[in-house]
Amino acid sequence: SMVQRKVESNTITVNAAISACEKGGQWDKALQLFSLMAHGKQELDHITFSAAISACEKCGEWAQALQLFSMMPRSQIKANSITFSAAISASGKAGEWEKAMQLFSMLIQRKLQPNDVTFGAAISASEKGGAWE
């Protein structure tokens, strides 16, 4: 482990670990690492939030994903199209299409550029909510 080898963790290494947890379906471990960062010396950034939100989204923990998203302004981290996409996707998977559309509107209002993932998540959310016409 990093501790045994006396490798010092930093934002980049912890972000990579959170991302690995996301890919491995370990949302709870991702949140543990996020929490350690939030209460430790490492600085949170938009990558930290994106990876943690995505980990929750991929495991169906949409409420947790949205809670993380809502923490970003308090942490003085500006959401980007990647974090918005993950939050929109989490909302859509939970059948919360109205929340997904609200997030999509926020993204546009902030003059952020939606990408294919963002559009796909918004369309999927609308479809699941029966709002697609």
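Among the elements of the protein, which has the lowest mean pLDDT and which the highest? Helix α7 has the lowest, at 88, and α6 the highest, at 94. This is a predicted model, and the protein as a whole averages a pLDDT of 87, with 90% of the residues scoring at least 70. As a reminder for reading such models, where pLDDT is low, the predicted coordinates should not be read in detail.

Let's stay with α7 for a bit. The helix runs over residues 116-128, and at 1.5 Å a residue its 13 residues should span 18 Å; the end C-alpha atoms are in fact 18 Å apart, so the two figures agree. Going around the helix, Thr 118, Ala 121, Ala 122, Ala 125 and Ser 126 are buried. These five cover an arc of only 130° around the axis, which means they sit on the same side of α7. What do they pack against? The buried residues of α7 meet α5 (81-93) and α6 (97-109). Flip to the other side of α7 and you find Asp 116, Val 117, Glu 127 and Lys 128, which are exposed. The N-terminal end of the helix has a cap too: Asn 115 places a side-chain oxygen 3.0 Å from the backbone nitrogen of Val 117.

Now for the inside. The largest nonpolar core has 33 residues, and Ile 18, Ile 53 and Phe 69 touch the most other members. Seven names turn up as elements giving two or more residues to this core: α1 (11-23), α2 (27-39), α3 (46-58), α4 (62-71), α5, α6 and α7. The biggest giver is α3, with 6 residues. In general, nonpolar side chains tend to be buried together in soluble globular proteins.

Phe 69 is worth a closer look. Leaving aside residues up to four places away in sequence, Phe 69 touches Ile 53, Ala 79, Thr 83, Phe 84, Ala 87, Leu 103 and Met 106. Ile 53, on that list, is also one of the residues with the most contacts to other core members.

Finally, two backbone oddities. Most residues other than glycine have a negative phi, but Gln 76 has a positive one, and Lys 111 does as well. Here they are together:

| Residue | Phi | Loop | Relative accessible area |
|---|---|---|---|
| Gln 76 | about 60° | between α4 and α5 | 72% |
| Lys 111 | about 60° | between α6 and α7 | 74% |

Buried or exposed, then, for Gln 76? At 72%, Gln 76 is exposed, because exposed means over 50% relative accessible area. Lys 111, at 74%, is exposed by that cut-off too.

Note on methods:
Residues are numbered from 1 along each chain as its sequence is written. This is a predicted model: local features need pLDDT of at least 70, side-chain atom pairs count only at pLDDT 80 or more; totals for chains, interfaces and linings use all residues. Side-chain values use heavy atoms; hydrogens and water are left out. Helices (H or I, at least four residues) and strands (E, at least two) are DSSP runs, numbered from the N terminus. The expected span of a helix is 1.5 Å times one less than its number of residues. Buried means under 20% relative accessible area, exposed over 50%, partly exposed in between (1.4 Å probe, protein chains only). The arc is that of the directions from the helix axis to the C-beta atoms. Contact means heavy atoms within 4.5 Å. A polar contact is a pair of N or O atoms within 3.5 Å; within protein, one must be able to donate a hydrogen and the other to accept it, and residues adjacent in sequence count only if both atoms are side-chain atoms. A nonpolar core is a set of buried Ala, Val, Leu, Ile, Met, Phe, Trp, Tyr and Cys residues joined through side-chain atoms within 4.5 Å. pLDDT is the predictor's confidence in each residue, from 0 to 100.
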